[in-house]
Amino acid sequence: MPLQYRAPRGTADILPEEQPYWKHILGTAERLCQLFGYQAIETPIFEEASLFTRGVGETTDIVQKEMYAFRDRGGDELALRPEGTAGVCRAYLQNGMHNLPQPVRLYYSGPIFRYDRPQAGRYRQHTQFGVEAIGEADATVDAEIIELLWRLYEELNFSNLTLQLNSIGDANCRPVYLRVLRDYYGERLSQVCDECHGRFERNPLRLLDCKEERCQPIIAAAPPITDHLCQECADHFSRLRQYLEDIYIPYILNPCLVRGLDYYTRTVFEVTPPEEGAQGTIGGGGRYDGLIQELGGKPTPGIGFATGIERIVLNLKRQKVPVPEPSPLVIFIAYQTAAARFLAFQLASALRRADISALVAAGDRSLKAQMRQADALGARYAAIIGERELPQGTVVLRRLADGWQDTVQLGAVARHVQDPAPGFRPVP
Ligand code: HAM
């Protein structure tokens, strides 16, 4: 029969067999955040739509083409968050976090929604882990944020990742550069793709991010933004590079790296695996010194990154990096008669109270079928309560890996599975 319901296009179930990846990634990220002095924050999954229109930028693809915006029953214009930074900045303002020691260091993880064209590593609902350091403009914070992202990938045992770095200037020098860029493109408009005509009008910096084949030679020869930074931005960028070199974080400069969100100023960075492709980027971020003011606060600098968990999982699998497996089920309790079922149920309960994972066979299956289930579940032991054991208050305890077994008192099962050495003899 055909399935009546499937998960919506571009969404995925994260099944139990995937969970070890998720647990490992998020556990590693949280541990690092603690080492770096970052604290957890959670913000709502939907916000006022204008938070993103103003924050991320009216002309960005994310807002124009990808945002899940809707009017709720009360008439409010809301949007499922298409990224995490704007919500965290809103929370910083709303909760008076400027009164705390600056910068305020925060991290978060949760679902993000973008009406994207689904493909491998690109979803309409994905999960980001992100951090934000708000309230300090010094380049040490830029280096700290990049170090944290890099350390995360290191701790996850990635190899062959590339950190790309650029500075896209500030309100001072960027307008000057944009004029230079428009002059350059103005003479070459007949050679660029249709999309780039639109970018030329609405958001010229994004010209450098075009993926069309025909635009590549023009991008390659475009005047680099790093040649047009004002003194303050150039100094900031050179200090950042020095800090990264001092802590041995390898990076490459990419003057065409501009990112897809409008709030960035100065530092921008992305981390990419060896495989090509737009959805190859596993993490990215940058400085957003104008964002908090744009959202109605006092001028407050900030910087952060986000990394997509699905893309990390995809790349860990591609690189065949193992992750820790969850602890297996310790004991499966099987029984031969209906009367033994009560005892089996009681034994499972007692073992779980002793912190030993235990399951009882359910239903009226044969002992053979119950043992097959114990194997399928990957249990380390099976306890079998047969007709003979029931009146004696014992169980047959079997170690499933090698078939060793022994008859033990009910009350001794816990001790045996915790310390299995004594008392076992091989099955004849
Ligand atoms: P972003 O580069 O748009 O940045 O997204 C961050 C990461 O989310 C990407 O590097 C990628 O791993 C993942 N990602 C993005 N879109 C998708 C998708 N459709 N499917 C699967 N994964 C995806 C931001 O969102 C900024 N808020 C980062 C930031 C924080 N900047 C400063 N602070």
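A residue counts as buried when its relative accessible area is under 20%. Of the 428 residues of the chain, 51% are buried by this criterion. The model is a predicted one.

The chain holds 15 helices and 16 strands. Its C-alpha trace spans about 90 × 55 × 45 Å along the principal axes. The radius of gyration is 29 Å, whereas a compact globule of 428 residues would have a value near 22 Å. Among contacts with a separation of 6 or more, 68% join residues 24 or more positions apart. The exposed surface amounts to about 21,900 Å². Carbon and sulfur atoms supply 50% of that area. The chain carries 47 positive and 53 negative charges. The mean positions of these two sets are 7 Å apart.

Two helices were examined for their cover. Helix α11 covers residues 309-318. Seven of its ten residues are buried, so the helix is mostly covered by the under-20% cut-off. The buried residues are Ile-309, Glu-310, Arg-311, Ile-312, Val-313, Asn-315 and Leu-316. They pack against four elements: α1 (19-35), β6 (125-134), α5 and β11 (302-308). Just after α11, Lys-320 takes a positive phi of about 55 degrees.

Helix α13 runs over residues 367-376. Its residues Ala-369, Gln-370, Met-371 and Ala-374 are buried. The cover over the buried residues of α13 includes three strands, β12 (331-335), β14 (381-385) and β15 (394-399). Gly-378 follows α13 and has a positive phi, near 75 degrees.

Cysteine pairs were considered next. A disulfide is a covalent bond between the sulfur atoms of two cysteines. A pair of sulfur atoms counts as a disulfide when the two lie within 2.5 Å. By this rule the count is zero. Cys-173 is in no disulfide, and the nearest cysteine sulfur, that of Cys-230, is 3.6 Å away. That distance is over the 2.5 Å limit, so Cys-173 and Cys-230 do not count as a pair. Cys-193 is likewise in no disulfide. Its nearest cysteine sulfur belongs to Cys-215 and is 3.7 Å away. This value, too, is over 2.5 Å, so no disulfide is assigned there. Cys-173 is buried, with a relative accessible area of 4%. Cys-193 is also buried, with a value of 5%.

Several loops show backbone features of interest. Arg-259 lies in the loop between β8 (252-253) and β9 (265-272). Its phi is near 70 degrees, a positive value in a residue other than glycine. Arg-259 is buried, because its relative accessible area of 13% is under the 20% cut-off. Arg-259 is also one of the residues touched by Arg-206. The place of Arg-206 is in the loop between α7 (194-202) and α8 (216-220). Arg-206 is buried as well, with a relative accessible area of 15%. Residues up to four places away in sequence aside, Arg-206 touches Arg-199, Val-258, Arg-259 and Gly-260.

Asn-160 also has a positive phi without being a glycine, at about 65 degrees. Asn-160 is found in the loop between α5 (139-155) and β7 (162-167). Its relative accessible area is 59%, so Asn-160 is exposed, the limit being over 50%. Another loop, between α4 (85-94) and β5 (104-113), contains Pro-103. The peptide bond from Gln-102 to Pro-103 is cis, with omega near 0 degrees.

The last site is in a strand. Glu-77 is found in strand β4, residues 77-80. Its relative accessible area is 41%. This value lies between the 20% and 50% limits, so Glu-77 is partly exposed. Glu-77 and Ala-49 are 28 residues apart in sequence. In space, their C-alpha atoms are 5.7 Å apart. Ala-49 is among the contacts of Glu-77, together with Glu-47, Glu-48, Phe-70 and Arg-71. Neighbours of Glu-77 within four places in sequence are left aside in this list.

Technical notes: Residues are numbered from 1 along each chain as its sequence is written. This is a predicted model: local features need pLDDT of at least 70, side-chain atom pairs count only at pLDDT 80 or more; totals for chains, interfaces and linings use all residues. Side-chain values use heavy atoms; hydrogens and water are left out. Helices (H or I, at least four residues) and strands (E, at least two) are DSSP runs, numbered from the N terminus. The radius of gyration is taken over C-alpha atoms; the globule rule is 2.2 Å times the number of residues to the power 0.38. Buried means under 20% relative accessible area, exposed over 50%, partly exposed in between (1.4 Å probe, protein chains only). Contact means heavy atoms within 4.5 Å. Accessible areas come from the Shrake-Rupley method with a 1.4 Å probe; for residues, only the protein chains shown count as cover. Lys and Arg count as positive and Asp and Glu as negative; His and the chain ends are not counted. The place of a charge is taken as NZ of Lys, CZ of Arg, CG of Asp or CD of Glu.
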